[in-house]
Amino acid sequence: MSPELLIAVGGIAAAAVVIILLFKAVWRVAEPNEALIISGLGARRRGEGVDSLGFKIITGKGTAVLPGFQAARRLRLDTRAANLQVSCVTQQGIPVHIRGVVIYKVGDDLSSIANAARRFLDQQDFMTSAIHELFTGHLRSIIGNLTIEDLILNRERLTSETRASAADEMSKLGLIVDSLQIQEIDDETGYIVNLGKPHAAKVAATARIAQAQRDQEATEAEQVAAANMAAARRDSRIKEASYQAEIDQAQATARQAGPLSEATARQEVVVQETKAAELEAKLAEQRLQSQVRKPADAKAYETVTLSQAERDARIAQAEAEARETELRAAAQASQVKLAAAAEAESVRLRGEAAGAATKIAGEAEAQAAQARGLAHAEAAKALGLAEAEASEAKGLAEAQAIRARAEALKENQEAVIAQQLAERWPEVVEAGAKAFGNVDHMVVLNGAQGVEELLAKALTLGGTGIGLARALLNGATPNGTEPEIPSKAP
């Protein structure tokens with residue numbers, strides 16, 4: 001690259017830098033919360049309701065300011081706060097001390113900015129003191145026409161009248177009030193405190209009454225809760241006692257379950273053996289019926305039938321012979337002697353035949369009766385044996401039951417006595433109740449416990465419960481007799 005070209009490029013770059021520096025030196029930009037006040041050559045402005053400001057106002061944009069010919073200064077448009085502390089006297093002559101705050105700013109219109117620029121451009125920090133003095137004066141004049149009650153009950157009225165009375169001055173200053181708040185109102189005489197005492201006393205009385213009512217309701221609720229707790233504890237104890245009684249009863253039943261189950265099992269065995277014996281007796285009877293009685297009856301019937309047939313045969317034979325004799329006698333009618341002899345022989349033969357037939361029939365009937373007797377005797381003997389075996393099994397079962405009861409009495413005497421007493425408890429109560437038979441009126445103390453003690457003493461004096469317990473221990477019946485043990489069947 002030639003030296004001339006380098007010089008030209010360097011000159012252009014230098015010119016650009018100079019231009020940028022010059023632009024930066026003369027160009028000013030107004031921030032959103034400020035206004036640029038430009039005065040000097042060419043800064044006079046006309047129009048917009050203002051005849052001649054003598055300076056130019058720039059907001060929200062930039063402008064060129066010629067150094068040495070123009071001056072650019074910034075006026076802040078943001079919000080400011082001024083604390084108010086005013087001592088004044090009310091319409092009632094009561095001194096009060098007011099504390100409040102004023103939130104203000106420079107107005108956004110050009111007239112307000114121009115008024116504020118003329119008064120506070122070089123003294124912007126003086127705005128707060130000016131506002132303080134302005135509102136202090138207005139508050140004193142307004143509060144002087146109000147009472148303490150007005151100040152307390154209607155603070156909005158105080159603030160609105162203050163803002164209205166200061167509006168003209170604020171407009172001339174180019175300022176606007178965003179908010180005016182009265183924070184506190186104090187008095188040295190205690191007037192405000194005394195104003196609140198009646199209401200406070202009323203509220204306190206209402207509070208005490210409400211507290212007393214709540215305390216009474218709480219006490220009643222506690223009493224009801226205590227009663228419910230007592231009832232719950234009572235119900236719980238009753239249920240616990242009931243459950244304990246059921247547990248004790250179950251334990252007693254469990255302790256007796258062994259002997260009772262064994263006795264029940266033995267009883268069931270005896271019952272089954274008895275049923276088996278009865279079935280065997282029926283079987284023996286049926287066997288006797290089928291093997292002895294029916295064959296004997298058949299044999300007797302056969303014998304009778306044969307004897308009758310033989311008798312009929314002999315009678316027929318005798319009749320035939322007699323007929324033959326008669327025919328022979330008729331043929332030989334002439335021979336009287338021979339006919340008589342033949343007649344006599346026929347008579348004799350008929351007698352012998354009838355006697356023989358009668359003898360045979362009697363022997364047959366005797367044999368049949370003997371067979372029937374033997375059959376009945378065999379059946380009776382079998383039936384007697386079956387009944388004897390059944391009686392023997394029943395006696396053995398009862399003896400075993402009594403023996404098991406005696407063993408259970410030795411092993412768990414209290415449980416057996418309790419069982420027997422429970423079975424005969426109506427007799428014990430009836431015997432104990434006889435002690436009160438002649439009592440017309442009776443007063444029992446200590447409630448249910450007194451009744452239990454009275455009944456216990458009556459039963460002890462009567463001796464009924466002890467005697468019955470001893471009788472049960474000795475195995476006696478309620479009438480005092482020993483229980484009968486079935487004898488062994490022969």
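These are a few notes on the strands and helices of this model, which is a predicted one.

1. Let's start with the small sheet. It is open, has three strands in the order β3-β2-β5, and pairs them antiparallel. β3 (56–59) and β5 (70–76) are the edge strands, each with a partner on one side only. On average, neighbouring strands here are turned by 25 degrees against each other, ignoring direction.

2. Now for the β2 and β5 pairing. Strand β2 (residues 34–40) and β5 are joined by seven bridges in the antiparallel sense. If you want a spot to look at, Leu36 stands opposite Arg74 in β5.

3. Which helix lies across these strands? That would be α2 (residues 110–120), which lies across β2, β3 and β5 and runs at about 120 degrees to β3.

4. Next, β6 and β7. Strand β6 (residues 80–89) runs antiparallel to β7, with ten bridges between them. Cys88 stands opposite Val96 in β7. The two strands form a hairpin with five residues between them, and in this hairpin Gly93 has a positive phi near 80 degrees.

5. On its other pairing, β7 meets β8 antiparallel, over eleven bridges. Ile98 has Ile185 in β8 as its bridge partner.

6. Gly100 deserves a closer look. This glycine sits in strand β7 (residues 95–106). Is Gly100 buried or exposed? Its relative accessibility is 5%, so Gly100 counts as buried, the cut-off for buried being under 20%. Setting aside neighbours within four places in sequence, Gly100 touches Ala82, Asn83 and Leu84, and also Gln181, Ile182 and Gln183. Gly100 and Leu180 are 80 residues apart in sequence, yet their C-alpha atoms are 7.5 Å apart in space.

7. Last, helix α5 (residues 155–165). Leu158, Thr159 and Thr162 are its buried residues. Why do they line one face of the helix? Looking down the axis of α5, the buried residues fall within an arc of 95 degrees, so they line one face. As background, an α-helix has 3.6 residues a turn, so residues three or four places apart point the same way.

8. What about the two sides of α5? The cover over its buried residues includes α3 (126–143), α4 (148–153) and β8 (175–187). The face turned away from the buried side carries Glu156 and Ala164, which are exposed.

Note on methods: Residues numbered from 1 in each chain as written. Predicted model: local features only at pLDDT ≥ 70, side-chain atom pairs only at ≥ 80, totals over all residues. Heavy atoms only, no water. Buried < 20%, exposed > 50% of the residue type's maximum accessible area, 1.4 Å probe, protein only. Helix = DSSP H or I, 4+ residues; strand = E, 2+ residues; numbered from the N terminus. Arc of directions from axis to C-beta. Contact = heavy atoms within 4.5 Å. Pairing = 2+ DSSP bridges. Axes fitted to C-alpha atoms, helices over the stretch in contact; angles between N-to-C directions.
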